[in-house]
Amino acid sequence: MTIVHTEGIFSHEVSVCKCPGSDPNDWHLDLLHQRLFPASISKPKTAFTYDVLDHFLIDALECKTSAMSFYQKLKRFTKNAFPERVPDRYRELMRVSWLWRDLKHRKWFGFGHDAEKDPGDGGLALFCPACPQPGLNLPADWKVQYDRDTVMRQYVIDGNFTAQHMKMNKPELDVALSDGKGYMVSEGPYQNHLQQSLDSKERSTCSNHRAINAANINKSNLRSTGIGATACA
């Protein structure tokens with residue numbers, strides 16, 4: 001079995017537990033008990049240590065390290081002179097780190113130890129205790145006690161109009177693990193909104209207005225042309 005660790009990629013002989021009462025189909029669970037995340041459930045040949053998955057999450061967050069660069073670093077740790085001789089587990093790292101990130105989020109928000117409880121819409125988003133919310137941090141008669149200008153919600157909206165996402169050749173292979181459970185809207189209602197919305201081109205009275213000209217360019221090959229976010233202020 002190929003073991004990917006923070007110090008490199010190694011090959012080890014691993015035997016399936018054949019003790020009385022053990023189930024060979026639960027081999028992946030035995031690996032998890034040893035802090036090894038298997039790349040597959042059925043007859044896994046590759047496993048990643050919990051440490052290397054945590055390191056990759058931090059590197060991607062703080063250092064903006066891509067999965068390819070991170071794995072190339074591990075290959076250098078293993079054989080600096082001949083990194084091409086190290087087994088290529090880049091695709092497995094992409095898939096396992098995706099699952100690992102989702103599992104960590106569910107654990108942080110209290111859904112990691114209860115298989116029957118599933119987070120609803122926004123269940124994996126941080127709760128804001130500072131925003132005025134009736135029934136949580138406001139009394140029942142808050143409309144009588146406070147003026148309208150004292151208790152009010154304020155929102156800020158910002159967008160990135162260069163975060164483009166191209167259409168996938170096989171969108172059915174893009175399986176969402178937490179659709180609508182974080183900060184992004186669910187895919188179903190979002191697609192319904194796009195079908196009902198009209199895309200009208202804005203005309204500018206200015207000469208060669210770059211922002212409007214860029215928005216009117218044909219982008220039929222793009223799935224999305226930007227991303228917007230709303231947050232409490």
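Biologist: How many salt bridges are there in this model?

Modeller: The count comes to 7 salt bridges. Keep in mind that the model is predicted.

Biologist: What makes Asp59 and Lys73 a salt bridge?

Modeller: Their side chains come to 3.1 Å, N to O. The cut-off is within 4 Å, so the pair qualifies.

Biologist: Why is this pair said to tie parts together?

Modeller: Asp59 lies in helix α2 (residues 50–62) and Lys73 in helix α3 (residues 67–78), so the bridge joins parts 14 residues apart in sequence.

Biologist: Why is Asp59 called buried?

Modeller: Its relative accessibility is 17%. Buried means under 20%, so Asp59 fits.

Biologist: And what is Lys73 called, buried or partly exposed?

Modeller: Partly exposed, with a relative accessible area of 32%. That value falls between the 20% and 50% limits.

Biologist: Where do Arg106 and Asp102 lie?

Modeller: Both are in helix α4 (residues 90–108), 4 residues apart, about one turn of the helix. Their side chains meet in a salt bridge at 2.9 Å, N to O.

Biologist: How do you know that Arg106 and Asp102 are buried?

Modeller: Arg106 has 15% relative accessibility, and Asp102 has 12%. Buried means under 20%, so the label holds for both.

Biologist: What makes Asp118 and Lys181 a salt bridge?

Modeller: The closest N and O atoms are 3.0 Å apart. The limit is 4 Å, so this pair counts too. The bridge links distant parts of the chain, 63 residues apart.

Biologist: Which residues join into one network?

Modeller: Asp102, Arg106, Asp118 and Lys181, through salt bridges that share partners.

Terms used: Residues are numbered from 1 along each chain as its sequence is written. This is a predicted model: local features need pLDDT of at least 70, side-chain atom pairs count only at pLDDT 80 or more; totals for chains, interfaces and linings use all residues. Side-chain values use heavy atoms; hydrogens and water are left out. Helices (H or I, at least four residues) and strands (E, at least two) are DSSP runs, numbered from the N terminus. Buried means under 20% relative accessible area, exposed over 50%, partly exposed in between (1.4 Å probe, protein chains only).
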